[in-house]
Amino acid sequence: MSLLILFNKPFGCLSQFSDSGVAADAVTLSRFIAVPGVYPAGRLDKDSEGLLLLTGDGRLQARIAEPRHKMAKTYLAQVEGEPSPDALDRLRQGVRLKDGTTLPAEVERIAVPDLWPRDPPIRFRKSVADCWLSLTIREGRNRQVRRMTAAVGHPTLRLVRHAVGSWTVDGLAPGEWREIAV
């Protein structure tokens, strides 16, 4: 059995424990998790929220994070504008980015999800519509979902990772975590 920590990473938190080399006011995982010997299995950028998995088991960490395993990661993305069927199809077929074409994503438009308020909140603009998408990808390039939605003309305003494989952030408030045995 291996220990796996499911953590709801708040907006603005860095996906690292070390405070060295970061701004004095930076928030890191060490503010929330005091379990020795665990490390993030993958990353979430500072501007993204949601599920971050941590473990001390190297094989489990590799299975979760290494692209060759193609573990599904599901994101809820609030995007600027209303994507056309063509824009959604482009995401489903794979989007050409500077570092190559992405694998196809599973994507659908969804109702506004029942999420915690973001602090600080997303800037509201009356003149610009927005909507929510559920996107599932099987690779993990740097800021990939944000770059994909921007490439089809709909920049991401808020990004929440809801699931990695069968693990979800359900039941965890920002900054909360729970241990499970796998």
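Analyst: Let's fix one term before we start: under 20% relative accessible area a residue is buried, over 50% it is exposed, and in between it is partly exposed. Keep in mind that this is a predicted model.

User: Okay, so why does E66 count as partly exposed?

Analyst: E66 has 31% relative accessibility. Partly exposed is the class between 20% and 50%, so E66 counts as partly exposed.

User: And what makes R68 exposed?

Analyst: R68 has a relative accessible area of 63%. The cut-off for exposed is over 50%, so R68 gets that label.

User: How do you know that E66 forms a salt bridge with R68?

Analyst: Check the distance: the closest N and O atoms of E66 and R68 are 2.8 Å apart. A salt bridge needs a side-chain nitrogen of Lys or Arg within 4 Å of a carboxyl oxygen of Asp or Glu, so E66 and R68 qualify.

User: What about D45 and R146, why is that pair called a salt bridge?

Analyst: Their closest N and O atoms are 3.6 Å apart, and the limit is within 4 Å, so D45 and R146 make the list. D45 sits in the loop between β4 (39–40) and β5 (49–55) and R146 in helix α3, so the pair ties together parts that are 101 residues apart in sequence.

User: Are D45 and R146 buried or exposed?

Analyst: Both D45 and R146 are buried, which puts each under 20% relative accessible area.

User: What makes D99 and R141 a salt bridge?

Analyst: The closest N and O atoms of D99 and R141 are 3.0 Å apart, and the cut-off is within 4 Å. This pair links distant parts of the chain, 42 residues apart: D99 is in the loop between β7 (96–97) and β8 (100–101), and R141 in the loop between β10 (130–137) and α3.

User: Why are D99 and R141 called partly exposed?

Analyst: D99 has 44% relative accessibility and R141 has a relative accessible area of 22%. The class runs between 20% and 50%, so D99 and R141 both land in it.

User: Which residues do shared salt-bridge partners join into one network?

Analyst: D45, D47, R143 and R146. The structure holds 11 salt bridges in total.

User: Which residues lie nearest the centre of the largest pocket?

Analyst: R43, L44, G140, R141 and R161, out of 29 lining residues. The elements giving two or more residues to that lining are β2 (13–14), α1 (58–65), β6 (73–80), α3 (144–151) and β11 (156–164). The pocket's volume is about 440 Å³, and its lining has 13 nonpolar, 7 polar and 9 charged residues.

Note on methods:
Residues numbered from 1 in each chain as written. Predicted model: local features only at pLDDT ≥ 70, side-chain atom pairs only at ≥ 80, totals over all residues. Heavy atoms only, no water. 1 Å grid on protein atoms, 1.4 Å probe; cavity = no way out; pocket = protein on both sides within 12 Å on 5 of 7 lines; lining within 4 Å. Points joined across faces, edges and corners; volume = space filled by probe spheres on them. Helix = DSSP H or I, 4+ residues; strand = E, 2+ residues; numbered from the N terminus. Nonpolar A, V, L, I, M, F, W, Y, C, P; charged D, E, K, R; others polar. Buried < 20%, exposed > 50% of the residue type's maximum accessible area, 1.4 Å probe, protein only.
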